[in-house]
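Biologist: Before I rely on any of the labels used for this protein, I would like to hear the reasoning behind them. Could we go through them one at a time?

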Amino acid sequence: MTGGHRRLRVAVLASGRGSNLQCLLDACAAPDFPAEIALVVVNVPGAHAIDRARQARVPVTVIDHRDFASREAFDAQIDRALGEARIELVCLAGFMRLLTPGFTAAWAGRLINIHPSLLPAFPGLHTHRRALESRAIAHGCTVHFVIAALDAGPTIVQAEVPVLPGDDEDRLAARVLVEEHRIYPQAVRMIAEGKVKFEGGKVTVAG
Ligand code: GRF
């Protein structure tokens, strides 16, 4: 910690590979970054994201959705874990569960997601395949505030990449992923520094 400033307490929710979790762990490892990862929540036992959190010596809790009778009960358990860790901002990073409207409302303005398309284009799955099929010339990724509707909340940052001749899903995904790892820490920094807010259904950007 430098300058006596308190760092924003962030939780990352992940389900798989965890490369976006890693980029946030790496960003937060810098002493002058205004946020810290105080908790990682993973819903898939054995996911690589768990190893990444452990390597970084960050508390990780596995909450397996299959252990709960309903989405509400699963979300309530996540909410409890976040509350116990005094989390101030939740980052979804390849978290493959739909969150209930109760949860998204409770965390409104404090819950963000990264999505591999230039929203509002291609919400949902298989974004790279769909971009190629639609012959898009540009593609990219978006960090946005989460609302109840899937991949529909207001944008914080976007990055664009070209779709190049000869691209297949993997090549295009790799080009987008480089940008994901750049803009996700950037969005967290903006929120931690109070430069962007989502209040009363509106996003405000300072400066
Ligand atoms: C990323 O492309 C992210 O945008 C999407 O799911 C993928 C997760 O990758 N929501 P990783 O687990 O962060 O490596």
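Biologist: Which residues does H128 touch, leaving out those up to four places away in sequence?

Modeller: In this predicted model, H128 touches P116, H139, E169, L172, A173 and V176 once residues up to four places away in sequence are set aside. H128 itself is found in helix 5, which spans residues 127-133.

Biologist: What makes H128 count as buried or exposed?

Modeller: The relative accessible area of H128 is 14%, and the label "buried" is given under 20%, so H128 is called buried.

Biologist: Why are D64 and R66 said to form a salt bridge?

Modeller: Their side chains meet with 2.9 Å from N to O, and the limit for a salt bridge is 4 Å between such a nitrogen and a carboxyl oxygen, so the pair qualifies. The two partners carry opposite labels: D64 has a relative accessible area of 10% and is buried, whereas R66, at 61%, is exposed, the cut-off for exposed being over 50%.

Biologist: How do you know that R171 and D167 belong in that class, with 3.6 Å from N to O?

Modeller: The value of 3.6 Å for R171 and D167 is still within 4 Å, so this pair is a salt bridge as well. D167 counts as buried at 12% relative accessibility, while R171 is partly exposed at 46%. These two residues are also linked with R175 in a network of salt bridges.

Biologist: What labels go to E193 and R189, whose side chains meet in a salt bridge, and why?

Modeller: E193 has a relative accessible area of 35% and R189 has 31%; partly exposed lies between 20% and 50%, so both residues receive that label. Their N to O value is 2.9 Å. A search of the whole structure finds eight salt bridges, and the pair of E193 and R189 is one of the bridges described here.

Biologist: Why are the buried residues of helix 2 said to line one face?

Modeller: The buried residues of helix 2 (residues 48-55) are A49, I50, R52 and A53. Viewed down the helix axis, they fall within an arc of 160 degrees, so they line one face of the helix. On the other side, R54 and Q55 are exposed. The cover over the buried residues includes strand 1 (8-14), helix 1 (19-28), strand 2 (35-42) and strand 3 (60-62). Helix 2 is followed by R57, whose phi is positive, near 55 degrees.

Biologist: Which residues touch the most other members of the largest nonpolar core, and where does this core lie?

Modeller: The core has 45 residues, and V10, I37, C91, I112, I156, Y184 and V188 touch the most other members. Its largest share, eight residues, comes from helix 6 (residues 169-192). Domain 1 (1-107) and domain 2 (114-207) both contribute residues, so the core lies between them.

Biologist: Which residues is V10 in contact with, apart from its neighbours within four places in sequence?

Modeller: V10 is in contact with A35, E36, I37, A38, L39, I87, L89, C91 and V188. There is also a second, separate core of 20 residues, which includes A38, I63, L82 and F103.

Methods
Residues numbered from 1 in each chain as written. Predicted model: local features only at pLDDT ≥ 70, side-chain atom pairs only at ≥ 80, totals over all residues. Heavy atoms only, no water. Core = buried A, V, L, I, M, F, W, Y, C linked by side-chain atoms within 4.5 Å. Buried < 20%, exposed > 50% of the residue type's maximum accessible area, 1.4 Å probe, protein only. Helix = DSSP H or I, 4+ residues; strand = E, 2+ residues; numbered from the N terminus. Domains from an automatic or database assignment. Contact = heavy atoms within 4.5 Å. Arc of directions from axis to C-beta.
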